[in-house]
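The exercises below are to be worked with the sequence and the structure side by side. Each task is followed by a solution in steps.

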Amino acid sequence: MHKLFLLADFMEQDFRLNAVKHAKTVYPKEACGLVVDGLYFPCQNIALDPTADFAINPADYARAMFTGTIEAVVHSHPEGTPVSKQDRKACTQTKIPWYVYSVPDDQWLTIEPC
């Protein structure tokens, strides 16, 4: 059991490290992706204003679904804004956790569906 716990910790850290790399690569735009079977699955942000919002490309979402189980939504806040009302509402609609990476603070925020 102890080995499984360590593996789970490694996988969680792995998705966060890869999500941070993605966020820094697309900065000043918002990065977006999914956690699929514990790993980060980067997606294209097709929002009209990707510096202020995100929308996951439906083709990326479909590919992620065929890859494995979608466990969470991930996106970045390039300017470090707090979790928005829209984030909370969308999280509740998806019924899975959302992880938000604040780029300037190098901080993770978690939203759980209500």
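**Exercise 1.** In this predicted model, determine which residues are exposed on the face of H3 turned away from its buried side, and then establish which residues of H3 are buried.

*Solution.* Begin with the face of H3 that is turned away from the buried side, where the exposed residues Lys85, Lys89 and Gln93 are found; exposed here requires over 50% relative accessible area. Next, apply the cut-off for buried residues, under 20%, which is met in H3 by Asp87, Ala90 and Cys91. These three cover an arc of only 105 degrees around the axis, and therefore they lie on the same side of H3. This fits the general geometry, since an α-helix has 3.6 residues a turn, so that residues three or four places apart point the same way. Finally, look just past the helix, where H3 is followed by Lys95 with a positive phi near 65 degrees.

**Exercise 2.** Identify the strands against which the buried residues of H3 pack, and describe the order of the strands in the sheet.

*Solution.* The buried residues of H3 pack against S3, S4 and S5. These strands belong to an open sheet of 5 strands with mixed pairing, in the order S2-S1-S3-S4-S5, whose edge strands, S2 (39–43) and S5 (107–111), each pair on one side only. Within the sheet, S1 (residues 32–36) and S3 (residues 70–77) run antiparallel and are joined by 5 bridges, and Cys32 stands opposite His75 in S3. As a last step, place H2 (residues 58–67), which lies across S1, S2 and S3 and runs at about 155 degrees to S2, whereas the direction of H3 (residues 85–94) makes about 150 degrees with that of S4.

Notes. Residues numbered from 1 in each chain as written. Predicted model: local features only at pLDDT ≥ 70, side-chain atom pairs only at ≥ 80, totals over all residues. Heavy atoms only, no water. Pairing = 2+ DSSP bridges. Helix = DSSP H or I, 4+ residues; strand = E, 2+ residues; numbered from the N terminus. Contact = heavy atoms within 4.5 Å. Axes fitted to C-alpha atoms, helices over the stretch in contact; angles between N-to-C directions. Buried < 20%, exposed > 50% of the residue type's maximum accessible area, 1.4 Å probe, protein only. Arc of directions from axis to C-beta.
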